[in-house]
Structure formats: structure tokens, C-alpha cells
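Here are my comments on the model you asked me to look over, written as numbered points for someone who is new to reading structures. Please keep the sequence and the 3D view open while you go through them.

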There are 6 protein chains.
Amino acid sequence: MVETMANELETGLPSIRQIQTLIREEREIELKLVTDDLIVGKLRWQDQHCICLMDQYDQPTIVWRQAIVYLKPKF
Amino acid sequence: MVETMANELETGLPSIRQIQTLIREEREIELKLVTDDLIVGKLRWQDQHCICLMDQYDQPTIVWRQAIVYLKPKF
Amino acid sequence: MVETMANELETGLPSIRQIQTLIREEREIELKLVTDDLIVGKLRWQDQHCICLMDQYDQPTIVWRQAIVYLKPKF
Amino acid sequence: MVETMANELETGLPSIRQIQTLIREEREIELKLVTDDLIVGKLRWQDQHCICLMDQYDQPTIVWRQAIVYLKPKF
Amino acid sequence: MVETMANELETGLPSIRQIQTLIREEREIELKLVTDDLIVGKLRWQDQHCICLMDQYDQPTIVWRQAIVYLKPKF
Amino acid sequence: MVETMANELETGLPSIRQIQTLIREEREIELKLVTDDLIVGKLRWQDQHCICLMDQYDQPTIVWRQAIVYLKPKF
């Protein structure tokens, strides 16, 4: 049995891994938020509470996971 | 007594199993979200945090479970 | 001291037991959801994450508990 | 050190105790919900997930705690 | 290592302590809620689930923490 | 294996550390909230439940984390 440390991302989960891939590939994504905002950018990092999105001017937005509705890679 | 590992889906639960069946059968479903959006597609995978829906162009949308209101298989 | 297994519904709780009764009696209920939708049907099953409602055409809707505001048996 | 059993209400907490008092006294209350609904009635029971409100026709509404914004005793 | 008892407020946290101070000082505050309501009053007590606000007629409103957006002391 | 004490911020997480940096640097930020409010100010402190923002008159607003959608440093 494997327990997860409080400080560690569960990197075995598909959702966590796909976000890691999107970060590495610097893919443009869109995020739909509970306020109905749709924000666009490239993912920079993720942790248990937040993900960070860089806009076209390379300015960061720290988004709380609880506020995310969906994420869509752009094609 | 059975404890669940941090990384594992509770596959004994009806909701988890029914989603697994919908994935395997590639059934079209609709998802109602907290933003009142209704999105349609086929389920690709699920984990503890998210489920992934493929649209008609086979593009993925990663939906956070916390944002789901209901799921309806289409007939 | 009694611990609950990860996979088990806490059947000692009034809310869980009343839903079990409503399932067994196939009572019509209405569910108010966070999106302000009001859906009507008969309960089919419940687990920790979801409850399943059958509409008048016997089609299922899987509703996430987090999205439920209230439940009202119909009279 | 005292741990709480999974099935037990934390009756030492003011919020739980005040609701118990309101149930016992059959006081009329109003509940504001996240959908902005305001419902009025008398409390019948509470558990960890829900509280039950009886309307003027003595019909129950099972309200999920997650959907409650505030509770106000009526005077 | 210190674990917190189920029944105890984490009084070491700034947010908990500042609310204790506001209770003791009977300071007027405003609370913004998820329904966009702004309510005004004096804090009476807090526990893990709720905080209690007294209005100008000394009537209590029990507010669920999950529904609070922000708190502002009035000056 | 490292467990986190109930009372302690997980200072290893990027989101926690970046907020600590913003506090130390007294940077102006904007916070988008679930009510769609956008508030502006300087961060003063954070704990597990809340973050505190000082407005231009040096008055505090205690914001619950659950109500935060995103945070953006201002440039």
C-alpha cells in the first residue's frame, strides 16, 4: 500500500500527468472557470491547490483548482 | 477492513463503475456543468479529480469532477 | 469506535437511510440543483459521490452530490 | 485526545448544538441557499451531510449542508 | 508533531485568531457571501463549520463558512 | 515520509511560496472571486483557510481561499 505525502502531487493520475505533459510541451490551453471566464495561455506549473497560466505577455495567473470547470488544449 | 490507496479509484462504487462502462462502450453522453454549460461527447478516462470527454472532432476536454452537476447517457 | 471503510455508505445516517427508503419505495422526488435546475424522477441508487435518478422514460441521470441543493419527496 | 467516529455528529460544536436546540424547540427558521432560495420551516433532524426542514404542510425538504449559506431563527 | 482534535478550532491560525479578536472587541464587520449578499453585524462565536453574526436588533444569523467570500472589519 | 501538521502551511508548494514572496515584496495583486468581484491590494498574510489583502487605505479584507478563482500580480 502506497500513501501519498501531504506535499506530493499524485503523478500516477492521468489528470496530473496530462497537465505535466502540457507544461513540458508549452501547449496553449483554455481554462473555463466557475465565474464563466475563459482564460487562455500556457501552463507553467501545478501543485495540489493551484495551476499557473502564462498569458501572451508572459504574465502569470495563479488559478485555484477549485475554480476550474474544464481545460482544453488548443489545436 | 479495506482502505483505499491514495492513487486508486474506488471501483466498487456504482458511479465509478458506470462511468467505466460508458468509457468501454464509447457511449455518447451529456454533462451538465456548474456554469450551466451542457457538453456532449464520449468519455475517454476518469480519475479521482477529472473525467475526460472527447468531442466530435476527437479533441479532449478535461472536466474537473467538482464542476459536474449531472451526466446523462444519450439514447 | 467504528471506522467507515472507504467504499461503504454510512447507513447509520438519517440522510442516507431516507434515500434508501425512497429508492425501495420507488417514490417520485424532486431534486434542486446548484444550477437552479429542478429535476424530477425516481431514485435508483446512491453512493458516496452520486445519486441516480430515473426519468419518466426510465432513462438515468447520474447527479453528483456536491451539486444537490435539496431533495423533496413528492406527495 | 478525542477522535470523532465517522458516523457521529460533533455535538460539542456551537453550530451543531444550536441546531439541536432549534429542533427540540420546533422553532421556525429560514434557510438561505446557494441558489438564492430562501426556505422557511421547522428543523426536524440533522446529520453530517444534511438537515431536514418541515414546511407548513408538514412535508420534508432534505437540504444538503454544502448548499446552505445561512440560517436565521424567526422571531 | 501536533495533531488537532476533531472538535477543536486551530487557534494558532491568523484567520481564526483575528475572528476571535473581532468577537472579543465586538467590532462591526461586513461579510460578503457566495450569493453576493453583504451582511453586517457583530461576530458572536465561531466553530469549524459556522460563524454567528448578530444584527442591529441582536438577532443571530448562523453563516456557513463554505459560503463566505470575505470578511471586512468596519471602520 | 513527511506528514504535515494540522496547523502548518505546506511551504514546499509553489502556490504557497509564491504567495509568501508576494507578501514579502508587498506587490500589488488582483484577486478574482467566485462572486465575480475583482479586488485589488497587497497581501499581508496567508493561512490554510484565508489570505488577507490590504486596500489602498490600509484596511484589511480577509478572503476565504475557497472563494478565490485566480490571483494576478500587477505589473
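The points below deal with a strand and its partners, then with contacts between chains, and then with salt bridges.

1. Before anything else, please bear in mind that this is a predicted model, and that the distances and areas quoted in this note are computed from that predicted model.

2. I would begin with strand 5 of chain F, which covers residues 68-73. Of its 6 residues, 5 are buried, so strand 5 of chain F is largely enclosed by the rest of the structure. Here buried means a relative accessible area under 20%.

3. Which strand of chain F pairs with strand 5 of chain F? The partner is strand 1 of chain F, residues 28-33, and the two are joined in the antiparallel sense over 5 bridges. Within this pairing you can look for Lys32(F), which stands opposite Tyr70(F) of strand 5. When you follow such strands by eye, it helps to remember that in a regular strand the side chains alternate between the two faces of the sheet.

4. Strand 5 of chain F also has a partner in another chain, since strand 4 of chain A, residues 60-64, runs antiparallel to strand 5 of chain F and is joined to it by 2 bridges. In this pairing, Ile62(A) has Leu71(F) as its bridge partner.

5. The link between chains F and A can also be followed through side chains, because Lys32(F) lies in strand 1 of chain F and forms a salt bridge with Asp37(A), with the closest N and O atoms 2.9 Å apart. Asp37(A) sits in the loop between strand 1 (28-33) and strand 2 (38-46) of chain A, so this pair joins two chains. Are the two residues buried or exposed, or something in between? Lys32(F) is buried, at a relative accessible area of 9%, whereas Asp37(A) is partly exposed, at 22%.

6. Turning to chains F and E, the contact involves 21 residues of chain F and 25 residues of chain E. Together the two chains bury about 2,000 Å², and 62% of this area is on carbon and sulfur atoms. There is 1 salt bridge between chain F and chain E, and it is formed by Asp37(F) and Lys32(E), whose closest N and O atoms are 2.9 Å apart. In addition, 8 residue pairs are in polar contact across this interface, with both residues at pLDDT 80 or more. Strand 4 of chain F, residues 60-64, gives the most to the side of chain F that touches chain E, namely 5 residues. Sorted by class, that side has 11 nonpolar, 7 polar and 3 charged residues.

7. Strand pairing belongs to the contact of chains F and E as well, for strand 5 of chain E, residues 68-73, and strand 4 of chain F are antiparallel and joined over 2 bridges. Within strand 4 of chain F, Val63(F) is the residue that stands opposite Tyr70(E).

8. For chains B and A, the contact takes 22 residues from chain B and 25 residues from chain A, and the area buried between them is about 2,000 Å², with carbon and sulfur atoms giving 62%. The count here is 1 salt bridge, in which the side chains of Asp37(B) and Lys32(A) meet at 2.9 Å, N to O. Polar contacts across the interface of chain B and chain A link 7 residue pairs, both residues being at pLDDT 80 or more. Strand 4 of chain B, residues 60-64, supplies the largest share of the side of chain B that touches chain A, with 5 residues. That side divides into 11 nonpolar, 8 polar and 3 charged residues. Strand 5 of chain A, residues 68-73, runs antiparallel to strand 4 of chain B, joined by 2 bridges, and Tyr70(A) stands opposite Val63(B).

9. How many salt bridges are there over all chains? The count comes to 24. Lys32(A), Asp36(A) and Asp37(B) are linked in a network of salt bridges. Within chain B, Asp36(B) and Lys32(B) meet in a salt bridge at 3.3 Å, N to O; Asp36(B) is partly exposed at 43% relative accessibility, while Lys32(B) is buried at 9%. Arg27(B) and Glu25(B) form another, at 3.6 Å, and here Arg27(B) is partly exposed at 24%, as is Glu25(B) at 47%.

Conventions
Residues numbered from 1 in each chain as written. Chains lettered and ligands numbered in written order. Predicted model: local features only at pLDDT ≥ 70, side-chain atom pairs only at ≥ 80, totals over all residues. Heavy atoms only, no water. Buried < 20%, exposed > 50% of the residue type's maximum accessible area, 1.4 Å probe, protein only. Helix = DSSP H or I, 4+ residues; strand = E, 2+ residues; numbered from the N terminus. Pairing = 2+ DSSP bridges. Contact = heavy atoms within 4.5 Å. Buried area = accessible area lost by both parts, 1.4 Å probe. Salt bridge = Lys/Arg side-chain N within 4 Å of Asp/Glu carboxyl O. Polar contact = N/O pair within 3.5 Å; in protein donor to acceptor, adjacent residues only side chain to side chain. Nonpolar A, V, L, I, M, F, W, Y, C, P; charged D, E, K, R; others polar.
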